[in-house]
Amino acid sequence: QVQLVESGGGLVQAGGSLTLSCTASGSIFSIDVMGWYRQAPGSERELVAAITSGGSTDYADSVKGRFTISRDNAKNTVYLQMNSLKPEDTAVYYCNAVIVVTYGEYDYWGQGTQVTVSS
């Protein structure tokens with residue numbers, strides 16, 4: 001069984017920084033794309049940033065220049081460094097990973113971590 005465990009959320013003032021981390025564990029053969037999504041109240045879940053196993057990255061326009069995604073393949077961990085946070089960044093942030101296990105490739109989600117940015 002595969003699990004994604006997130007950490008690092010919390011309350012921060014506008015202009016501040018937070019770093020989220022997410023570690024995958026279990027019977028993992030390999031991990032393809034890892035990413036972060038977020039969902040604010042009343043809104044749909046949206047992609048924030050993603051990174052491939054080779055290090056290629058993609059960002060939502062709203063976070064470009066402020067957020068940085070990175071990963072440590074040896075630790076099966078993905079990070080999201082969030083700088084210059086804005087109140088509109090307030091949401092539950094979810095880790096996502098496309099993971100190859102012995103019986104196929106599947107999409108996995110973390111439980112979510114709350115990020116609240118006060119003005």
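The legends below describe close-up views of a predicted model.

**View 1. The open sheet of four strands, ordered β1-β3-β8-β7.** Pairing within this open sheet is antiparallel. The edge positions are taken by β1 (3-7) and β7 (67-72). Each of these two has a single partner strand, so one side of each is left without a neighbour in the sheet. On average, neighbouring strands of the sheet are turned by 15 degrees against each other, direction ignored.

**View 2. The pairing of strands β3 and β8.** Strand β3 covers residues 18-25 and strand β8 covers residues 77-82. The two pair in the antiparallel sense, with 6 bridges between them. Leu20 stands opposite Leu80, a residue of β8.

**View 3. Surroundings of Val115 in strand β11.** Strand β11 spans residues 113-118. Val115 has a relative accessible area of 0% and is therefore buried; the cut-off for a buried residue is under 20%. Leaving aside residues up to four places away in sequence, Val115 touches Gly9, Gly10, Leu18, Leu20, Met82, Asp89, Thr90, Ala91 and Tyr93. One of these contacts, Leu20, is the residue that stands opposite Leu80 in β8. Between the C-alpha atoms of Val115 and Leu85 the separation is 9.9 Å, and these two residues are 30 residues apart along the chain.

**View 4. The hairpin of β4 and β5.** Strand β4 (residues 30-39) pairs with strand β5 (residues 46-51) in the antiparallel sense, over 5 bridges. Arg38 has Glu46 in β5 as its bridge partner. There are 6 residues between the strands of this hairpin, and Gly42 takes a positive phi near 80 degrees.

**View 5. The hairpin of β5 and β6.** Strand β6 consists of residues 57-59, and 3 bridges join this strand to β5. The two strands run antiparallel. Ile51 stands opposite Thr57 in β6. Between β5 and β6 there are 5 residues, and Gly55 in the turn has a positive phi of about 100 degrees.

**View 6. The aromatic pair of Tyr37 and Trp109.** A search of the whole structure finds 2 aromatic pairs. In the pair of Tyr37 and Trp109, the rings are 5.0 Å apart centre to centre. The angle between their planes is 65 degrees, and the pair is edge-to-face. Tyr37 belongs to strand β4 and Trp109 to strand β10 (residues 104-109), so the pair ties together parts that are 72 residues apart in sequence. With a relative accessible area of 24%, Tyr37 is partly exposed. Trp109 is also partly exposed, at 36%.

**View 7. The aromatic pair of Tyr103 and Tyr106.** This pair is tilted, with 55 degrees between the planes. Centre to centre, the rings of Tyr103 and Tyr106 are 5.5 Å apart. Tyr103 has 57% relative accessibility and so counts as exposed, whereas Tyr106 is partly exposed with a relative accessible area of 37%.

**View 8. Arg45 and the rings of Tyr94 and Trp109.** Arg45 lies over the face of Tyr94, at 3.7 Å from the ring centre. Arg45 also lies over the face of Trp109, here at 4.7 Å from the ring centre. Trp109 thus appears in two views, since its ring also forms the edge-to-face pair with Tyr37.

Conventions
Residues numbered from 1 in each chain as written. Predicted model: local features only at pLDDT ≥ 70, side-chain atom pairs only at ≥ 80, totals over all residues. Heavy atoms only, no water. Pairing = 2+ DSSP bridges. Axes fitted to C-alpha atoms, helices over the stretch in contact; angles between N-to-C directions. Buried < 20%, exposed > 50% of the residue type's maximum accessible area, 1.4 Å probe, protein only. Contact = heavy atoms within 4.5 Å. Phe/Tyr/Trp six-rings, centres within 6.5 Å; stacked < 30°, edge-to-face > 60°. Lys NZ or Arg CZ within 6 Å of the ring centre and 35° of its normal.
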